[in-house]
Amino acid sequence: MMRIAIALLSLCLSASAFAQRTYLTEATKNFYVSTVGSDANDCRQATPCLTIQRAVDNLKQNYDTNCIRPYIHIADGSYAGWSDYAPQVGCQPSADGGGPMAIVGNCANPAAVVINAVSPTKPTSISYDGGAVATVICLTASSPGAPGIYATNGAILEVGLINFPGGIYGIMADAGGTIIATSTLNFTGNYVYGIMGNLGGYAGVVPGVTVSFASGVNFSGSFLFAANSGKVVFQPSGLNIVGNPTGSKCYASLHGLINTAGNPSAVPGNAGTCLQTDPGPGSANYG
């Protein structure tokens, strides 16, 4: 009897906590971050927050999306990056346009919104984990020591209008994470690897997207990299490729797969042709 009472109390407490969430409406779906804001604020337009992390946490902890897509708008400036670890509360994509949160910088000038490392101990700019889902657009992902954009453990990211100013990895989909580019990727600095799928991660660029490279950009590892059953889909004939970086086109190992739709020689880079580069058991194949 006591166990039943405790279980009922637990259910009531859970329901109470859920009921305290505020349902979003079309009028309340927008949140704001600014370099002149404060994390003591509620992230509204007149009272913006200072950090993107605060805006993400505030939305996920206090609001039910109510099948309405929420937006976090980032004003011009330089910011610490952020991490997101779980699905948001509320229904996912629906007929009325609802869906995962969108984090938006300056779409007219993505270079005006610079996202730096989350912290010295977490050097990624943008990190999603544990089933988190989001759209991230119109900004610069600056993290010299780690991936600019990282998704792992079932997280799903749509990205676009992103500048990559240089580092180790531009995009890294790891351990079952997914990153899909649906608009421009602009590589302005050198990387070891540009786009990577690892440990079952999936990184893809959809047809019609522009992928551009500033003069002198080099990939010292390879532009595309797939390892440990990771997958990268990059089909040059369906993309608008601007510029010609130096460095290896592709590298794959341990059942990694890079799909070039039968056009490996057109992958950006001047070394190799995206043929099998890791011969032997567990090597990759290219489509």
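**Disulfides and the strand β10**

Okay, let's start with a pairing: β8 and β10 run parallel and are joined by 2 bridges. One of the residue pairs there is Val114, whose bridge partner in β10 is Thr140. Before I go on, keep in mind that this is a predicted model.

Let's stay with β10 for a bit. Which strand pairs with β10 over 7 bridges? That's β12, residues 156-164, and again the sense is parallel. If you want a residue to click on, Ala134 has Leu157 as its bridge partner in β12. Then there's β7, which pairs with β10 in the parallel sense too, over 3 bridges. Look at Ala102 for that pairing: the bridge partner in β10 is Thr135.

So is β10 enclosed or open? Of its 9 residues, 7 are buried, so the strand is largely enclosed by the rest of the structure.

Now, the cysteines. How many disulfides does the structure hold? There are 2. I'll take the one that touches β10 to begin with. Cys107 is joined to Cys138 by a disulfide, with an S to S distance of 1.9 Å. Cys138 sits in strand β10, residues 133-141, while Cys107 is in the loop between β7 (102-104) and β8 (113-115), so this pair ties together parts that are 31 residues apart in sequence. Remember that both β7 and β8 pair with β10, and the loop between β7 and β8 is where Cys107 lies.

What about the hand of that bond? The torsion about the S-S bond of Cys107 and Cys138 is about 85 degrees, so this disulfide is right-handed.

And the two ends, buried or exposed? Cys138 is at 0% relative accessibility, so we call it buried. Cys107 has a relative accessible area of 38%, and that makes it partly exposed; the cut-off for buried is under 20%.

On to the other disulfide. Here the partners are Cys43 and Cys49, and their sulfur atoms are 1.9 Å apart. Why is this one called left-handed? Because the torsion about the S-S bond of Cys43 and Cys49 comes out at about -85 degrees.

As for accessibility, Cys43 is at 0% and counts as buried. Cys49 counts as buried as well, with 0% relative accessibility.

To wrap up: the Cys43 and Cys49 disulfide is left-handed, and the Cys107 and Cys138 one is right-handed. And if you only open one element after this, try β10, with parallel pairings to β7, β8 and β12. Okay, over to you for comments.

How values were computed: Residues numbered from 1 in each chain as written. Predicted model: local features only at pLDDT ≥ 70, side-chain atom pairs only at ≥ 80, totals over all residues. Heavy atoms only, no water. Disulfide = S-S within 2.5 Å. Buried < 20%, exposed > 50% of the residue type's maximum accessible area, 1.4 Å probe, protein only. Helix = DSSP H or I, 4+ residues; strand = E, 2+ residues; numbered from the N terminus. Pairing = 2+ DSSP bridges.
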